[in-house]
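User: Hi, I'm new to reading protein structures. Could you walk me through this one with some questions and answers?

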Amino acid sequence: MGLLNASAADPSAFIEAHSHVLTEGEDVLVVFKTVRDWIAFTDWRVIYIDVQGLTGSKKEYLTVPYRSINAYSIESAGTFDLDAEIKIYLSGRDPIQFKIAKNSDVSGMQKLMADKLHR
C-alpha cells in the first residue's frame, strides 16, 4: 500500500475535500497528493486516503496514530531519482510506503516525524 509520486499540496485543499475525516481542533500539518489519493500528516496521526474505482466513489481511509508507529525511514531523492520515499513501520505488518516528489521537504518531514514520535 502506498502513494506513488505524490506532490506536496496545500493543507487547505485537503481540509476542503476531506474535513469529514478530521476531529474537532485537529490541525493538518503536511499534505501530499497524487491525481486521486492523499496522505495527510496531522498533529496526532497520518491519514491515507486511497481513492478507488473508475468513478472514485469508493475510498479507503487508513488512520495511523503516531503512537502506533514503531519506526520510520525517509529517503531523499538522488541526482537521477524521480522521487523520495517515506516508510512507516507498524507492529505486525509490512511497512506503509509513500513515494513523494523529488523536491519535497525531506528535512521538514524528518523533523515532523521525529517530533511526533519522541516519547
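User: How many bridges pair E6 and E7?

Analyst: Before we start, this is a predicted model, where local features need pLDDT of at least 70, side-chain atom pairs count only at pLDDT 80 or more, and totals for chains, interfaces and linings use all residues. Residues are numbered from 1 along each chain as its sequence is written, and side-chain values use heavy atoms, with hydrogens and water left out. Helices (H or I, at least four residues) and strands (E, at least two) are DSSP runs, numbered from the N terminus, and two strands pair if DSSP finds at least two bridges between them. One bridge here puts Tyr72 with its partner Ile88 in E7. E6 and E7 run antiparallel, and the number of bridges is six.

User: Which strands stand at the edges of the sheet with the order E6-E7-E8?

Analyst: That sheet is open, with three strands and antiparallel pairing. Each edge strand has a single partner, so one side of it is left without a neighbour in the sheet. The edge strands are E6 and E8.

User: At what angle to E6 does H2 run?

Analyst: Helix H2 lies across E6 and E7. For the angle, axes are lines fitted to C-alpha atoms (for helices over the stretch in contact), and angles run from 0 to 180 degrees between N-to-C directions. H2 runs relative to E6 at about 170 degrees.

User: Is strand E3 largely enclosed or open, and why?

Analyst: Buried means under 20% relative accessible area, exposed over 50%, and partly exposed in between (1.4 Å probe, protein chains only). On one side of E3 sit Trp38, Ala40 and Thr42, with Ile39 and Phe41 on the other, all buried. Because five of the five residues in E3 are buried, the strand is largely enclosed.

User: Which residue of E4 stands opposite Ile39?

Analyst: E3 and E4 pair in the antiparallel sense over four bridges, and a hairpin of two residues joins them. On the E2 side, Phe32 stands opposite Ile39. In E4, the residue opposite Ile39 is Tyr48.

User: Which element gives the largest share of the largest nonpolar core?

Analyst: A nonpolar core is a set of buried Ala, Val, Leu, Ile, Met, Phe, Trp, Tyr and Cys residues joined through side-chain atoms within 4.5 Å. The largest one has 23 residues, and Phe41, Val46, Tyr66, Ile69, Ile88 and Met113 touch the most other members. Several elements supply at least two residues each, including E3, E4 and E5. The largest share, five residues, comes from H2.

User: How many degrees lie between the planes of Phe32 and Phe41?

Analyst: Rings of Phe, Tyr and Trp (its six-membered ring) pair if their centres lie within 6.5 Å; planes under 30 degrees apart count as stacked, over 60 as edge-to-face and the rest as tilted. The whole structure has three aromatic pairs. Phe32 and Phe41 make an edge-to-face one, at 6.4 Å centre to centre, and the angle between the planes is 85 degrees.

User: How many residues apart are Tyr48 and Phe98?

Analyst: Tyr48 and Phe98 also form an edge-to-face pair, with 5.5 Å centre to centre and 70 degrees between the planes. Both residues are buried. The pair links E4 to E8, and along the chain the two are apart by 50 residues.

Note on methods:
Contact means heavy atoms within 4.5 Å.
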